[in-house]
Amino acid sequence: MRNQENRGTIQGVLDEALGSTPHVRILRYLCRAGGEHTGRAIGRAIQVSHPSVHHALRTLAGRGMVHAIRHGPAIAYRLNEDHWLIRR
């Protein structure tokens, strides 16, 4: 259970946003690789299962940390460099 004192703080937001290994690995990969990548390509690159990557990407997109761009039947993801946690 997360520490209740951290809720609403920057540390609490970071814990919630980056609380799982796939989230962190995806963000690191997108930051380093740049551009758009499908969930399957991201999964292969970071060696995480497609279902885990898909779940993490939906969460990250819901939090505005990545953009999901539809290309026909595929969805590509890219880092949202304007998000306050990601700005360089």
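Which residue in E3 is the bridge partner of Arg-70? It's Ile-75. Keep in mind that you're looking at a predicted model. The protein chain has four helices and three strands, and here's a quick tour of how those pieces fit together.

**Overall layout**
- Reading from the N terminus, the elements of the protein chain go α-α-β-α-α-β-β.
- The protein chain has 88 residues, and 30% of them count as buried.

**The sheet**
- The three strands make an open sheet, and its order is E1-E3-E2.
- Pairing in this sheet is antiparallel.
- In general, strands of a sheet pair through backbone hydrogen bonds.
- Strand E1 covers 37–38 and strand E2 covers 66–71, and both stand at the edges.
- Each of these edge strands has a single partner strand, so one side of each has no neighbour in the sheet.
- E2 and E3 (residues 74–79) run antiparallel and are joined by six bridges.
- The Arg-70 and Ile-75 pair from the opening question is a bridge pair, with Ile-75 sitting in E3.

**The helix on the sheet**
- Helix H2, residues 21–33, packs on the sheet and touches E1, E2 and E3.
- The direction of H2 makes about 80° with that of E3.

**Contacts and surface**
- Take the contacts in the protein chain with a separation of 6 or more: 44% of them come from residues 24 or more positions apart.
- About 5800 Å² of the protein chain is exposed.
- Carbon and sulfur atoms supply 50% of that exposed area.

Key:
Residues numbered from 1 in each chain as written. Predicted model: local features only at pLDDT ≥ 70, side-chain atom pairs only at ≥ 80, totals over all residues. Heavy atoms only, no water. Pairing = 2+ DSSP bridges. Helix = DSSP H or I, 4+ residues; strand = E, 2+ residues; numbered from the N terminus. Contact = heavy atoms within 4.5 Å. Axes fitted to C-alpha atoms, helices over the stretch in contact; angles between N-to-C directions. Buried < 20%, exposed > 50% of the residue type's maximum accessible area, 1.4 Å probe, protein only. Areas by Shrake-Rupley, 256 points an atom, 1.4 Å probe, with all protein chains shown as cover.
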